Amino acid sequence: MRIGVLGTGMVGKAIATKLVEVGHEVRMGSRDAANEKAAEWAGSVGEGASQGTFAAAAAFGELVFNCTAGEASLDALELAGEEALRDKVLVDVSNSLDFSQGMPPSLGVCNTDSLGEQIQRRFPEARVVKTLNTVNNEVMVDPGLVAGDHDLFVCGDDEGAKAEVAALLESFGWSRERIIDLGGIRAARGTEGYVLLWLALLNSLGTAHLNIRVVR
Ligand SMILES: NC(=O)c1ccc[n+]([C@@H]2O[C@H](COP(=O)([O-])OP(=O)(O)OC[C@H]3O[C@@H](n4cnc5c(N)ncnc54)[C@H](OP(=O)(O)O)[C@@H]3O)[C@@H](O)[C@H]2O)c1
């Protein structure tokens, strides 16, 4: 499958690398078609990897990942373009973190809204699925880094899109039984809000290789 990965940070790189590893063709998108980090990534991965603008990566992808800074995701997706996202599964892994008051960050959007919902509202014809935002980028693509069984969440308004994303997540190493479907995109309020607890756990445990297990 051809996949567009919007974002040149740690998350974009981890996801794009894994996607090529499992057999997809990936174009990494940035504000700048010649972005150095994207060039370095494409050069190191070789076959199956390419780079371009956000618009070029979104147009290339049959499915698109949003791995941009949460506070800038709507702007980045605007640059990707509504037409390029139309009818496509848009996997949103972003968190809206506001670092303006220093560390730890606060949530830029929360409680009665979420970034996932804002993206779905702004791009109503994209099929937004929120997932992976509750784990560190290395764990996203290698869940075995955390010992034992632990859970991942998906939410979104389009059932078919969630099924497609669950299959991709399986190829990343997540087992179906550990993927919890939280329902519509509104549930992103919860998974984005969880990041405050995740940051406290990171601080307390001293490792980003952590996750939670939901016990019934
Ligand atoms: N780090 C993690 O382990 C982790 C875990 C869970 C979720 N997340 C979430 O995943 C997302 C990516 O995180 P990250 O640490 O890899 O990267 P990041 O530094 O948060 O974001 C980098 C990307 O954001 C784009 N960007 C920044 N400002 C922009 C602007 N004003 N307009 C348009 N695009 C802009 C950059 O574009 P250019 O390429 O043009 O510079 C770059 O592609 C974030 O939302 C983060 O909260 C991260």
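**Exercise 1.** Which side chains meet in a salt bridge with an N to O distance of 3.4 Å?

Solution. The model is predicted, and the distances are computed from it.
Step 1. A salt bridge requires a side-chain nitrogen of Lys or Arg within 4 Å of a carboxyl oxygen of Asp or Glu.
Step 2. The side chains of glutamate 82 and arginine 122 form such a pair, at 3.4 Å from N to O.
Step 3. Place the two partners: glutamate 82 belongs to helix α5 (residues 82–85) and arginine 122 to helix α6 (residues 115–122), so the pair ties together parts that are 40 residues apart in sequence.
Step 4. Counted by this rule, the salt bridges come to 15.

**Exercise 2.** Describe the surroundings of the ligand, starting with the shell and ending with the polar contacts.

Solution.
Step 1. Locate the site: the largest pocket is the space taken by the ligand.
Step 2. Count the shell. The ligand is surrounded by 23 residues, and the closest are Thr8, Val11, Arg31, Thr68 and Asn137.
Step 3. Sort the shell by residue class: ten are nonpolar, twelve polar and one charged.
Step 4. Assign helices. At least two shell residues come from each of α1 (10–21) and α7 (137–140).
Step 5. List contacts to ligand oxygen atoms. Threonine 8 places a polar side-chain atom 2.7 Å from an oxygen atom of the ligand. Arginine 31 has a polar backbone atom 2.9 Å from a ligand oxygen atom, and for a polar backbone atom of glycine 70 the distance to a ligand oxygen atom is 3.1 Å.
Step 6. Estimate cover: on its own the ligand has 900 Å² of accessible area, of which the protein covers 75%.

**Exercise 3.** Which residues does a cis peptide bond join, and which residue has a positive phi although it is not a glycine?

Solution.
Step 1. Check omega. At about -10 degrees, the bond between methionine 103 and proline 104 is cis.
Step 2. Place proline 104: this residue is in the loop between β6 (97–98) and β7 (106–107).
Step 3. Check phi. Aspartate 87, not a glycine, has a positive value of about 65 degrees.
Step 4. Place aspartate 87: the loop between α5 and β5 (89–92) holds this residue.

Definitions and conventions
Residues are numbered from 1 along each chain as its sequence is written. This is a predicted model: local features need pLDDT of at least 70, side-chain atom pairs count only at pLDDT 80 or more; totals for chains, interfaces and linings use all residues. Side-chain values use heavy atoms; hydrogens and water are left out. A residue is near a molecule or strand if one of its heavy atoms lies within 4 Å of it. A polar contact is a pair of N or O atoms within 3.5 Å; within protein, one must be able to donate a hydrogen and the other to accept it, and residues adjacent in sequence count only if both atoms are side-chain atoms. Accessible areas come from the Shrake-Rupley method with a 1.4 Å probe; for residues, only the protein chains shown count as cover. On a 1 Å grid over the protein atoms alone, a cavity is a set of points where a 1.4 Å probe fits but cannot get out, and a pocket is an open set with protein on both sides within 12 Å along at least five of seven lines; lining residues have an atom within 4 Å of a point. A molecule sits in a cavity or pocket if more than half of its atoms lie within 2 Å of its grid points. Helices (H or I, at least four residues) and strands (E, at least two) are DSSP runs, numbered from the N terminus. Ala, Val, Leu, Ile, Met, Phe, Trp, Tyr, Cys and Pro count as nonpolar, Asp, Glu, Lys and Arg as charged, and the others, Gly among them, as polar.
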